[in-house]
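User: I've got a model open and want to talk through how its helices pack. Can you walk me through it?

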Amino acid sequence: MSSDTDLAYAAGLIDGEGCFSTHDNGNGYFGLDLRVVNRDKACLDWLALKFGGKVYKKGGRNLPSHWSKTYMWVATAGVMRGFLDKMLPYFIVKTKHAQVVSRFLSLPYGSIGRRTDLAEELRSLNKAKVQ
């Protein structure tokens, strides 16, 4: 169980470093995930411990030696179902994104038309400048 402090801290990380995204699986169904990228692996390991998901090392083998290592925490739709609604009150920058994702996650399987609309809404939010 995550405390209010945990939820607020995680929402802050997501607000600053995260991205909600959808991808068409090619058959009319959409995948959905949340990614947070950071050089500090410890904060991403904390997200995985508290909320689930996985941490990956980001980048390829041919990166310049002066570049810092970066890591990425990924939470799939199934993982987000466990925490997103509890975290909604703590978002500041990505409140609308999180609300769209929450609506997406609440739809019954097979709601292709509505999911397509929500996926497009999320893409538009991701392209818009945050003010």
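User: Let's start with α2. Which residues of α2 are buried, and where do they sit around the axis?

Analyst: Quick note before that: this is a predicted model, where local features need pLDDT of at least 70, side-chain atom pairs count only at pLDDT 80 or more, and totals for chains, interfaces and linings use all residues. Residues are numbered from 1 along each chain as its sequence is written, and side-chain values use heavy atoms, with hydrogens and water left out. The buried residues of α2 (buried means under 20% relative accessible area, exposed over 50%, partly exposed in between, with a 1.4 Å probe and protein chains only) are Cys 43, Leu 44, Leu 47, Ala 48 and Phe 51. They span an arc of only 145 degrees around the axis, going by directions from the helix axis to the C-beta atoms, so they lie on the same side of α2.

User: Which residues are exposed on the other side of α2, and what do the buried ones pack against?

Analyst: On that other side, the exposed residues are Ala 42 and Leu 49. Helices here are DSSP runs of H or I with at least four residues, strands are runs of E with at least two, and both are numbered from the N terminus. With contact meaning heavy atoms within 4.5 Å, the buried residues of α2 pack against α1, β2 (30-38), β3 (54-58), β4 (70-76), α3 (77-80) and α4 (84-87).

User: Is Leu 47 buried or exposed, and what does Leu 47 touch?

Analyst: Leu 47 belongs to helix α2, and it counts as buried because its relative accessibility is 0%. Its C-alpha is 9.2 Å from that of Leu 13, 34 residues apart in sequence. Leaving aside neighbours within four places in sequence, Leu 47 contacts Ala 10, Leu 13, Val 36, Gly 52 and Trp 73.

User: How are α1 and α2 oriented to each other?

Analyst: Axes are lines fitted to C-alpha atoms, for helices over the stretch in contact, and angles run from 0 to 180 degrees between N-to-C directions. Helix α1 (residues 4-17) packs on helix α2 (residues 41-51) at about 130 degrees, with the axes 11 Å apart. Under 35 degrees counts as roughly parallel, over 145 as roughly antiparallel, 65 to 115 as roughly perpendicular and the rest as oblique. The pair α1 and α2 is therefore oblique.

User: Which residues make the contact between α1 and α2, and how do they split by class?

Analyst: From α1 come Asp 6, Leu 7, Tyr 9, Ala 10 and Leu 13, and they meet Cys 43, Trp 46, Leu 47, Lys 50 and Phe 51 in α2. For the classes, Ala, Val, Leu, Ile, Met, Phe, Trp, Tyr, Cys and Pro count as nonpolar, Asp, Glu, Lys and Arg as charged, and the others, Gly among them, as polar. The contact of α1 with α2 comes out as eight nonpolar, no polar and two charged residues.

User: What about α5 and α6: how are they oriented, and what is the class split of their contact?

Analyst: Helix α5 (residues 95-106) and helix α6 (residues 112-127) pack at about 165 degrees, with axes 10 Å apart, and they are therefore roughly antiparallel. Among the residues in the contact are Val 100 and Phe 104 of α5 and Leu 118 and Leu 122 of α6. The class split is seven nonpolar, two polar and five charged.
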